[in-house]
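Dear colleague,

Please find below the structure that I am handing over to you, together with its sequence. My findings are set out after it.

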Amino acid sequence: MIRFGRASCIIVILVTVHATPFEREFRSGGFPKFPLARGNLEQCGSRTVSHFAQRSGSAAIAKIVGGSTAPYGAYPWQVEIQAFRAGSHRFEHHCGGAVVGDRLVLTAAHCFANLDYPEKIRLIVGKVNLSGRDRHERTYKAEKIVIHPDFRKDGPHSNDIAIIKVRSSSEGGIHFNSHVQPICLPETFTQRVATGDWCTVTGWGAQSQDDLESLSDELQAASVPVLDQHTCRQSDVYGGRDQSILDSMVCAGVLEGGVDACGGDSGGPLACQINGKFVLAGLVSWGDGCAKKNRPGVYTRVSHFTPWIQETMAKMGL
């Protein structure tokens, strides 16, 4: 089943803004496992609402398996990507994503394997409850979707990353506030989170891997430790499969099982705190089921794609 540091934002403006106290505070469809307010463009990776998801592989619960309900505003970079369904004649939950700029959202390429028309999707920020409208919730349209040119070149889940350019409006791009903020991009290709670091994955994923339509009504968050590549490549984990574990991937989770992303979490952020700022270390990409023993989640390693992201941003005029 598909499913799915020292950091800084990639900013294309040269201004100096003194930080205010607020600024200083700091898984084809979406079911394979499946840049700040104009006056605050230099900030990223901060939040005003704290939350520390439980670090445990035991007592697994539904949704993002082994997770907990996220307080509103604790993951202000979270995006809900909705897709228009012809059958229901409405937009419905499709994937997750991460805000990295006022005109830029990152997500998984497999989210658009059969859906690459910008007008067929919309982007929701400031959202925590799928069944209702939240106070800071706003909806934006997509202007362009760019899928990595080597997607699936080195296996069915390789180079699983896509960039969405947010359509500008009379107010510019995404409006940032206390509950909507961008997450930092890794600075360089070599800037990676360390093995053993605990990071947080968020999304509205399925409550059961056997029923991918059973989404969580509220945003869920789970803490998962980063695993070393050698462990993830072992024969009893993900070794000897159609898709090998590439250097452009990162595995995170507990080998005992119990904590993981699941269907509907695709493209969502794996956020790691580095030097006081939250960095987008990964995007929910793939795995074998949800929260199984010796089957950790596999994420797109964002730092591997920093040069491509920068190049694509420049081509899009960002």
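The notes below cover confidence and then one strand with its neighbours.

This is a predicted model, in which local features need pLDDT of at least 70 and side-chain atom pairs count only at pLDDT 80 or more, while totals for chains, interfaces and linings use all residues. Residues are numbered from 1 along each chain as its sequence is written, and side-chain values use heavy atoms, with hydrogens and water left out.

The mean pLDDT (the predictor's confidence in each residue, from 0 to 100) is 83 for the protein, and 79% of its residues reach 70 or more. Among the elements (helices, H or I, of at least four residues and strands, E, of at least two, taken as DSSP runs numbered from the N terminus), S5 has the highest mean pLDDT, 98, and helix H1 (residues 21-24) the lowest, 35. Over residues 4-32 the pLDDT is below 50, yet this stretch has 117 contacts (heavy atoms within 4.5 Å) beyond near neighbours in sequence. Where pLDDT is low, the predicted coordinates should not be read in detail.

Strand S8 (residues 162-166) is largely enclosed by the rest of the structure, because five of its five residues are buried (under 20% relative accessible area, 1.4 Å probe, protein chains only). Ala162, Ile164 and Val166 lie on one side, and Ile163 and Lys165 on the other.

S8 runs antiparallel to strand S5 (residues 104-107), with four bridges between them; strands pair if DSSP finds at least two bridges. Here valine 105 has isoleucine 164 as its bridge partner. Strand S7 (residues 138-147) is also antiparallel to S8 and is joined to it by five bridges, with valine 146 partnered by isoleucine 163.

Kind regards

Conventions: Buried < 20%, exposed > 50% of the residue type's maximum accessible area, 1.4 Å probe, protein only.
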